[in-house]
Amino acid sequence: MIKDDTRKLLMPTTVRPARQLLSVLLLSTLVACGAESAREAALAEEEAARIAAAQMAARVAAEEERERATERERERIAQAEQRERQRRERELERQQADARAEAERREREDAVRRDQERLAAAAAAEAEREEKLERIVLLEAQLATIQAETSADEERALVLQQAIQAAEDLLEALADEAAKYESTDETGNTLDPLAKDLIAELEARKNELVERASAQ
């Protein structure tokens, strides 16, 4: 009986340390698990931060690359536009040079043509002047012939006198016309207008009187 009582008295004392030990072990396990979880959480947080930083760096790098690509494209377009402007400027300069050369060529041709026209006009004026001088000489000879043929016949003498007067008028008019050729412009035209109608009228009058006198 005494042993049983003693066992009963000793049992609570023995059980309490075991329970305490179990509690300590359990607490240690829980603490260890908590520490491991904390480490894992810290590692996960660090990994997430690293991934976020890498993603941010990638975005920044991509943005910088886009900006560089955009800048390169702008430079390419600017260079292409510059080359096109230079090409247009060279083309314009070439066209202007061609136009100047063409204008100079035409000016030379026009100058040659004007010289030729001036020479031709001067030659024509000289030929016309020579023709009038020849007519003057011929008319003077004709006057001399008429005067030599003048007879005592009164009517014929009157006609011859009129023919002589007409011839003298024509001679004077022709002399005036010939004198006009001494003053001409650059194209060979006389500065004073020629009296061609008057010359023709006087010559017709003279010829008519000469024919009448010869017919009598």
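Is Lys132 buried or exposed? In this predicted model, Lys132 has a relative accessible area of 7% and counts as buried, because that value lies under the 20% limit. Lys132 is placed in helix H1. In space, the C-alpha atom of Lys132 lies 8.0 Å from the C-alpha atom of Ala175, although 43 residues separate the two in sequence.

The overall architecture gives this residue its setting. The chain contains 3 helices and 0 strands, and its order along the sequence reads α-α-α. Helix H1 covers residues 2–148, helix H2 covers 154–180 and helix H3 covers 196–215. Of the 216 residues in the chain, 13% are buried. The exposed area of the chain is about 16500 Å², and carbon and sulfur atoms account for 56% of that area. Among contacts with a separation of 6 or more, 67% join residues that are 24 or more positions apart.

Confidence should be considered before any detail is read. The mean pLDDT of the chain is 75, with 70% of the residues at 70 or more. Over residues 1–15, however, pLDDT remains under 50, and the model shows 0 contacts beyond four places in sequence for this segment. Part of that segment falls within the range assigned to helix H1, which begins at residue 2.

The nonpolar interior comes next. In soluble globular proteins, nonpolar side chains tend to be buried together. Here the largest nonpolar core has 11 residues: Ile136, Leu139, Leu143, Ile164, Ala167, Leu170, Leu171, Ala173, Leu174, Ile199 and Leu202. Each of the helices H1, H2 and H3 supplies at least two residues of this core. Helix H2 provides the largest share, with 6 residues. A second core, separate from this one, has 5 residues, and its members include Val159, Ala163, Ala166 and Leu209.

Leu171, one of the residues of the largest core, illustrates how these parts meet. Leaving aside residues up to four places away in sequence, Leu171 touches Ile136, Leu139, Glu140 and Leu143. Ile136, Leu139 and Leu143 are themselves listed in the largest core.

Charged side chains form another layer of the description. Side chains of opposite charge can pair when their charged atoms come close. The chain has 16 salt bridges by the criterion applied. One of them joins Arg94 to Glu91, with 2.4 Å between N and O. These two residues both belong to helix H1 and are 3 residues apart, about one turn of the helix. Arg94 also forms a salt bridge with Asp98, where the closest N and O atoms are 2.8 Å apart. Arg94 and Asp98 likewise both lie in helix H1, with a spacing of 4 residues, about one turn.

The participants in these two pairs can also be placed by accessibility. Arg94 has a relative accessible area of 42% and is therefore partly exposed, since that value falls between the 20% and 50% limits. Asp98, at 42%, is partly exposed, and Glu91 is partly exposed at 29%.

Further along helix H1, Glu109 and Arg105 form a salt bridge whose closest N and O atoms are 2.4 Å apart. Because Glu109 and Arg105 are 4 residues apart in helix H1, about one helical turn separates them. Glu109 is partly exposed, with a relative accessibility of 43%, and Arg105 is partly exposed at 31%. This pair belongs to a wider arrangement: Glu102, Arg105, Arg106 and Glu109 are linked in a network of salt bridges.

The opening residue may now be set beside these charged side chains. Lys132 is buried at 7% relative accessibility, whereas Arg94 is partly exposed at 42% and Arg105 is partly exposed at 31%.

Technical notes. Residues numbered from 1 in each chain as written. Predicted model: local features only at pLDDT ≥ 70, side-chain atom pairs only at ≥ 80, totals over all residues. Heavy atoms only, no water. Buried < 20%, exposed > 50% of the residue type's maximum accessible area, 1.4 Å probe, protein only. Contact = heavy atoms within 4.5 Å. Areas by Shrake-Rupley, 256 points an atom, 1.4 Å probe, with all protein chains shown as cover. Core = buried A, V, L, I, M, F, W, Y, C linked by side-chain atoms within 4.5 Å. Salt bridge = Lys/Arg side-chain N within 4 Å of Asp/Glu carboxyl O. pLDDT = per-residue confidence, 0-100.
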